[in-house]
2 protein chains.
Amino acid sequence: STLYRKLQGVLGNDWIFLVLLGLTMALVSWSMDYTSAKSLQAYKWMHGELRGNVLIQYLAWVVYPMVLVMFASLFCNIVAPQAIGSGIPELKTILRGVVLKEYLTLKAFVAKVIGLTAGLGSGMPVGKENPCGYTDILTVGCAVGVGCCFGTPLGGVLFSIEVTSTYFAVRNYWRGYFAATFSAFIFRVLSVWNKDAVTITALFRTNFRMDFPFDLQELPAFAIIGISCGFLGAFFVYLNRQVVLVMRRQTALTRFLTKHRLIYPGAVTFVIATLTFPPGFGQFMAGELMPRECINSLFDNFTWTKLSATALPPGLGRSSAWLHPDVSVFLILLLFFVMKFWMSAVSTTMPIPSGAFMPVFILGAAFGRLVGEIMATLFPNGILFDGIVYRILPGGYAVIGAAALTGAVTHTVSTAVICFELTGQISHILPMMVAVILANMVAQGLQPSLYDSIIQVKK
Amino acid sequence: STLYRKLQGVLGNDWIFLVLLGLTMALVSWSMDYTSAKSLQAYKWMHGELRGNVLIQYLAWVVYPMVLVMFASLFCNIVAPQAIGSGIPELKTILRGVVLKEYLTLKAFVAKVIGLTAGLGSGMPVGKENPCGYTDILTVGCAVGVGCCFGTPLGGVLFSIEVTSTYFAVRNYWRGYFAATFSAFIFRVLSVWNKDAVTITALFRTNFRMDFPFDLQELPAFAIIGISCGFLGAFFVYLNRQVVLVMRRQTALTRFLTKHRLIYPGAVTFVIATLTFPPGFGQFMAGELMPRECINSLFDNFTWTKLSATALPPGLGRSSAWLHPDVSVFLILLLFFVMKFWMSAVSTTMPIPSGAFMPVFILGAAFGRLVGEIMATLFPNGILFDGIVYRILPGGYAVIGAAALTGAVTHTVSTAVICFELTGQISHILPMMVAVILANMVAQGLQPSLYDSIIQVKK
């Protein structure tokens, strides 16, 4: 019929392809999430069961991620070395017209999926932003990949546009939107059916009050978060590049490491796992929390400085990891931020498929939470304006920090969109956009984006 | 310093210009809103005061908007005839490389602002989407204009990109985002300081429960809304064009109307105002509600079919206009939709500055609400799934309908973003995106977008 033919004209001839792409990515992404979540569960279960014997407990805590990371590294090295890294720098290079041989092959895709699953299942600060792209509609593939990781279709499309292109066809925006929505939908439905999540709305659902989420007088604090995140983001990019450059220099050590490829990821994992060992130093930096638990707890609706570690309120859940009986919550947050900062910068240089988005997101959330808790201490009764008391919401500060730092590191403003899709609450949109813009202004003036930095280094 | 010079490089040399653009648009847009709101207030006050005498009441109800619309028409005809219409079709033409003489002048801008304010203050179904553009960064101007109308910076940017361009520079996305955020922020702050609004978050804030906003089994209903809105949107564009074409044909009537330019807008306003007269036929179509009150009440959190007109719950507010003691709420909604449908299609052809976005938005909300109320009657106890009872939220259906119908008429998917920025709730994002995509698929197969249709007719 005419309608059908016209529909075909509108969508190009590829809408069936877009549906299939969305479906495949959703299934792959969900399987990866499922497997890595099970792996983390086993990791934590093992740690819990071995509570009696600290030495064996420590060995298990360190060896488990080492095995997984070294397996990921080995597997990629053998099957498809081009699968190493986040994929976005490669995509950007391809879109600029450079032909990267064998980058877009099925072999590389399989290596990426297996390697990422193992990496994510190790609990190391590595993220997943796996763009599965095909030559013709690379940006669409990227959009679907990013959108599907977080269940944020719209943010995924915008982020991939910003990250990969300089000029952009509006037609592709439409196609990306279509495929990403379909994909995110399937992804969420799978989660509900698997009883991981009760609803199909948001991944890290926040629960801030909607009536008076923040006051204008809090804006300077949000601006400070934005500007600080700009500097921190630029420093993250700098640090990441320096690590790569040091490893690249020809010394006896690097020659040794190049020969024995598994030593470097193994050593990095060993150091990181040792430092986060919960009965050891990990107790001062919420080391027992896996990445997703970090985000969930940093976005929670409590004010930690008002809680005491002895009488915890019900419903606090995993957030109790941040409350130490002897150490102030500020110090825990600060230690977490400083330690995870270099850990993330180092672990994203390991030769496994990994992205920096999620680790940076967590860093930003921790920084925002720190500022929020400080504000809550400075104004314990909230801010009075015009007869209404605005209580400080540290969780809201964490959301803003997460958006600002990821924005600064990737040089995008769409992270604000990803953030409110992730949290399912749009109440902080204006301060978030202000913070993201400020962070971008500072970071763009100081350093290239993380992806451009990787491209430069790899040249 | 280096940082400053680098910042300049990032933003081009025009960031001061962007700030000024955002500031100006916010001030202008806010003044327009303020003036037209006061005008509507005076209109309703007059109607209330004259309650004793139906004849005088009727005269006041009809003459007041007639005077305003005819003034707007006369003013634009004298000062700058190019200010008539919504502006987006003209912008689109300019961006395609056609030079429209004198379109972007100060005179036209003043005519547009005055004409729009008068039109909005008349309570007629006309909207405002005034892109104030300047040659170099037209799209940015458009983004700021649209974003500022609704206080939706992000949706404004995306909408203007989709509507005006085929290819666009990511750089402009950044600039649009910057200017629109600044503008929306000033706009919201002005509203708070004027005590119109208590917070600076969302314009038509909804208050749906976040926990279980909808169930997967409601999805067919959302899909039906999407597909129906596709057909309805295409029919709206068709009807609007037919009205223009009939008026264009050379008959005795049209020659007469061309000679006496004020007759046409006057007659249209007369007919519409007569039909909406609250003590008359208006009681069956919530005629007393001004456009913004319509949206607020259609998005409310009650289930109207469960209320009786005799015992209204507190907090219902203006929504009581939809409850008639003798007539079912379904009939009222249906009448409202049918009557406002042709009224909106006709009144956007009046020779005054006006947009169709807001009227179509209201139509979509009414349609969605109708479906929602039907669903609430079919499933009075909600849908039971997996031990959780999902109560039907007719207000959520209204939001989805509004996004789908505006998406269908304008051929954009960004209306979903505008919608959740407007309501401040992202809980319905997935069904909304599905409905908007379906509406677009149907509407794009049947008719050009409203703006393209206007361009074709004006040729």
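This passage describes the confidence and fold of chain A, the cysteines, and a helix pair in chain B.

The structure is a predicted model. For chain A, the mean pLDDT is 79, and 79% of the residues score at least 70. Residues 131-136 of chain A form a stretch over which pLDDT stays under 50. For this stretch, the model nevertheless has 17 contacts beyond four places in sequence.

The secondary structure of chain A comprises 18 helices and 3 strands. Chain A has 459 residues, of which 62% count as buried. Among contacts in chain A with a separation of 6 or more, 77% are accounted for by residues 24 or more positions apart.

No disulfide is present in the structure, the count over all chains being 0. Two cysteines of chain B were examined for accessibility. With a relative accessibility of 0%, B:C76 counts as buried, because the cut-off for burial is under 20%. B:C294, at a relative accessible area of 2%, is likewise buried.

In chain B, helix 9 spans residues 219-248 and helix 13 spans residues 329-347. The axes of these two helices come within 8 Å and cross at roughly 45°. An angle of this value falls neither under 35 degrees nor within the range of 65 to 115 degrees, and helix 9 and helix 13 of chain B are therefore oblique to each other. The crossing of helix 9 of chain B past helix 13 of chain B is right-handed. On the side of helix 9 of chain B, the contact is made by B:L232, B:F235, B:F236, B:L239, B:N240 and B:V243. Helix 13 of chain B contributes B:F337, B:F341, B:W342, B:S344, B:A345 and B:V346 to this contact.

Helix 9 of chain B also contains B:A234. The relative accessible area of B:A234 is 6%, and the residue is therefore classed as buried, the limit for that class being under 20%. Leaving aside residues up to four places away in sequence, B:A234 touches B:A443, B:L446 and B:Q447. A further relation concerns B:G445, which is separated from B:A234 by 211 residues in sequence. In space, the C-alpha atoms of B:A234 and B:G445 are 8.8 Å apart. Helix 9 of chain B thus holds residues in contact with helix 13 of chain B, including B:L232 and B:F235, as well as B:A234, whose contacts include B:A443.

Terms used: Residues numbered from 1 in each chain as written. Chains lettered and ligands numbered in written order. Predicted model: local features only at pLDDT ≥ 70, side-chain atom pairs only at ≥ 80, totals over all residues. Heavy atoms only, no water. pLDDT = per-residue confidence, 0-100. Contact = heavy atoms within 4.5 Å. Disulfide = S-S within 2.5 Å. Buried < 20%, exposed > 50% of the residue type's maximum accessible area, 1.4 Å probe, protein only. Axes fitted to C-alpha atoms, helices over the stretch in contact; angles between N-to-C directions. Helix = DSSP H or I, 4+ residues; strand = E, 2+ residues; numbered from the N terminus. Parallel < 35°, antiparallel > 145°, perpendicular 65-115°, else oblique. Left-handed = near helix turned anticlockwise from the far one by under 90°.
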